[in-house]
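Let's walk through this one together, a stop at a time. Keep the viewer open and follow along.

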Amino acid sequence: MYVKKQRLLTPGPTPLYPPALHAMMGSDLHHRTEDFRTAYRSALADLKEVLGTSHDVLMFAASGTGAMDGSVSNLFSRGDKVIVCSAGKFGERWVEIARSYGLDATVLKAEYGDVVTPDRVEAALAAEPATRGVFVQASETSTGAQHDVEAMGRAVARTGAIFLVDAITGIGTMPLDIDGWGLDIVVGGSQKAFMIPPGLAFLTISPKAWKFASASSLPHYYFDFAKEKKNAEKGESSWTPATSLILSLAEALRYIRRIGMANLVENARLLARATRAAVAELGLELFSPGSPSSSVTAVKAPAGMDSGVIVKQFRDRFGAIIANGQGSMKGRIFRIAHLGYFDFVDLFAVIAGLELILHAQGLPVDFGSGVRAAQNVYAEAAFAREAAV
Ligand SMILES: *Cc1c(COP(=O)(O)O)cnc(C)c1O
């Protein structure tokens, strides 16, 4: 009641992995020294390993949007025809970036809570053979939906276009076979499943996308992929790097390699499944029931209630910061995150807190029913696995 620990439970920034936080204190490190080069090279190599790709990996001092912006300005030219799948606030961001650089964007729109299906992408590619790029979110964080990037990637790979995937909350929450599925650009950010603070953006870039880089005529300066690759090969970054975050990332990557990327993904999937079971038990509805993501579960507020009340109660009663909806979804949904450094104790607490909050708002709640549903998912997954060993 009186002691309230602050808990950051949003889908970015996410809870910090403590050793990674401590690693930031070693940041009195000059970036043009062998010590830094060694740390940077190894962080890039570990990142490549956890992403499971043979493609080049580039890193920037920027939030995730920086790498999205750079992907457009480095790979395209004014007037290029592109297809953008837009199913939420982040899809709209791809549209805005593409249009601000003068690309000719055809938008495949899905209602919030819905997804763009791969057959729509195939049809749009067939209708416009000159298409140079297809953009999508692996996981649309604003609605809690996920796209079938495997099927889309295979479709785009058969054409002359490149496939650009904002996987900022997809990495670490869903399987992504970057090389096998034809994901030419995959964008990530530090403050999501990587369990460290905001400030680093990275991406993987395929050989096919490098050809686009040579042909591009859009202006860019800070985000210069060819220059960044040349410098990365020397263990350096083009500009002053975010050294503290790179040291932090190195520590987080050690952790992710230790538990295994597939298990980090499985962790998020189980938490998401348990959350869906719990909210269903409490009589709440998912905002994206058709293709729910494992990064974040978006839940509709009960009829007649503003979701801001739930968000505020979490903060005031329990010191916990959970996410409201963005844009027009604000007030209609709240979002429970699963990506990165989240575990079942976090989730049990969130569901128990949610039950108390709903009760305080006058809703009939059978205390423990949501928690029990989450416990059942844990028990089924964990105890079965333990019995098998
Ligand atoms: C967080 C996020 C971003 C990046 O936002 P920044 O504020 O620039 O870090 C982009 N796309 C998705 C899907 C995200 O969740």
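**A walk from a buried serine to the ligand**

Ser190 has a relative accessibility of 0%, so it counts as buried. Keep in mind as you look around that this is a predicted model. Ser190 sits in the loop that links strand 9 (185-189) to strand 10. What does the side chain of Ser190 reach at 2.8 Å? It is the backbone oxygen of Pro197. Setting aside residues up to four places away in sequence, Ser190 touches Met195, Ile196, Pro197, Pro198, Gly199, Leu200 and Phe202. If you want a landmark further along the chain, try Val57: it is 133 residues from Ser190 in sequence, with 14 Å between the two C-alpha atoms.

One of those contacts of Ser190 is Met195, and it deserves a stop of its own. Met195 is found in the loop between strand 9 and strand 10 as well. Its phi is positive, about 65 degrees, although Met195 is not a glycine. For background, most residues other than glycine have a negative phi. Met195 has a relative accessible area of 1%, so it is buried.

While we're on backbone geometry, swing over to the loop between strand 1 (7-8) and helix 1 (18-23), where you'll find Pro13. The peptide bond from Gly12 to Pro13 is cis, with omega near -5 degrees. In general, most peptide bonds are trans.

Now for the ligand. It is surrounded by 14 residues, and Ser63, Thr65, Thr141, Asp166 and Lys192 are the closest. By type, the shell divides into three nonpolar, eight polar and three charged residues. Which helices each supply at least two residues of that shell? They are helix 3 (64-75) and helix 4 (89-100), and helix 3 gives the most, with three residues.

Look at the oxygen atoms of the ligand next. A polar side-chain atom of Gln191 lies 2.7 Å from a ligand oxygen. Gly64 brings a polar backbone atom to 3.1 Å from an oxygen atom of the ligand, and an N or O atom in the side chain of Arg93 is 3.3 Å from a ligand oxygen. The ligand on its own has 380 Å² of accessible area, and the protein covers 87% of that.

From here, move to two helices that pack against each other's surroundings in ways you can trace residue by residue. Start with helix 7 (207-215), whose buried residues are Ala209, Trp210 and Phe212. They cover an arc of only 155 degrees around the axis, which means that they lie on the same side of helix 7. On the other side, Pro207, Lys211 and Ser214 are exposed. The buried residues of helix 7 pack against strand 2, helix 3, strand 8 (162-166), strand 9, strand 10 and helix 8.

Helix 8 (residues 225-233) is the next stop, with Phe225, Glu228, Asn231 and Ala232 as its buried residues. These cover an arc of only 125 degrees around the axis, so they sit on the same side of helix 8. The general rule helps here: an α-helix has 3.6 residues a turn, so residues three or four places apart point the same way. Which exposed residues does the opposite face of helix 8 carry? Lys230 and Glu233 are on the face turned away from the buried side. The cover over the buried residues of helix 8 includes helix 2 (34-51), strand 2 (56-61), helix 3, strand 10 (200-205) and helix 7.

Check both ends of helix 8 too. At the N-terminal end, Asp224 acts as a cap, with a side-chain oxygen 3.3 Å from the backbone nitrogen of Ala226. After helix 8 comes Gly235, which has a positive phi, near 80 degrees.

Our last stop is Asn324, in strand 13 (residues 323-324). Is Asn324 buried or exposed? Its relative accessibility is 16%, and since buried means under 20%, Asn324 counts as buried. The side chains of Asn324 and Ser307 are joined by a polar contact of 3.0 Å. Leaving out neighbours within four places in sequence, the contacts of Asn324 are Ser307, Gly308, Val311, Met329, Lys330, Gly331, Ile333, Phe334 and Arg335.

Note on methods:
Residues are numbered from 1 along each chain as its sequence is written. This is a predicted model: local features need pLDDT of at least 70, side-chain atom pairs count only at pLDDT 80 or more; totals for chains, interfaces and linings use all residues. Side-chain values use heavy atoms; hydrogens and water are left out. A residue is near a molecule or strand if one of its heavy atoms lies within 4 Å of it. A polar contact is a pair of N or O atoms within 3.5 Å; within protein, one must be able to donate a hydrogen and the other to accept it, and residues adjacent in sequence count only if both atoms are side-chain atoms. Accessible areas come from the Shrake-Rupley method with a 1.4 Å probe; for residues, only the protein chains shown count as cover. Helices (H or I, at least four residues) and strands (E, at least two) are DSSP runs, numbered from the N terminus. Ala, Val, Leu, Ile, Met, Phe, Trp, Tyr, Cys and Pro count as nonpolar, Asp, Glu, Lys and Arg as charged, and the others, Gly among them, as polar. Buried means under 20% relative accessible area, exposed over 50%, partly exposed in between (1.4 Å probe, protein chains only). The arc is that of the directions from the helix axis to the C-beta atoms. Contact means heavy atoms within 4.5 Å.
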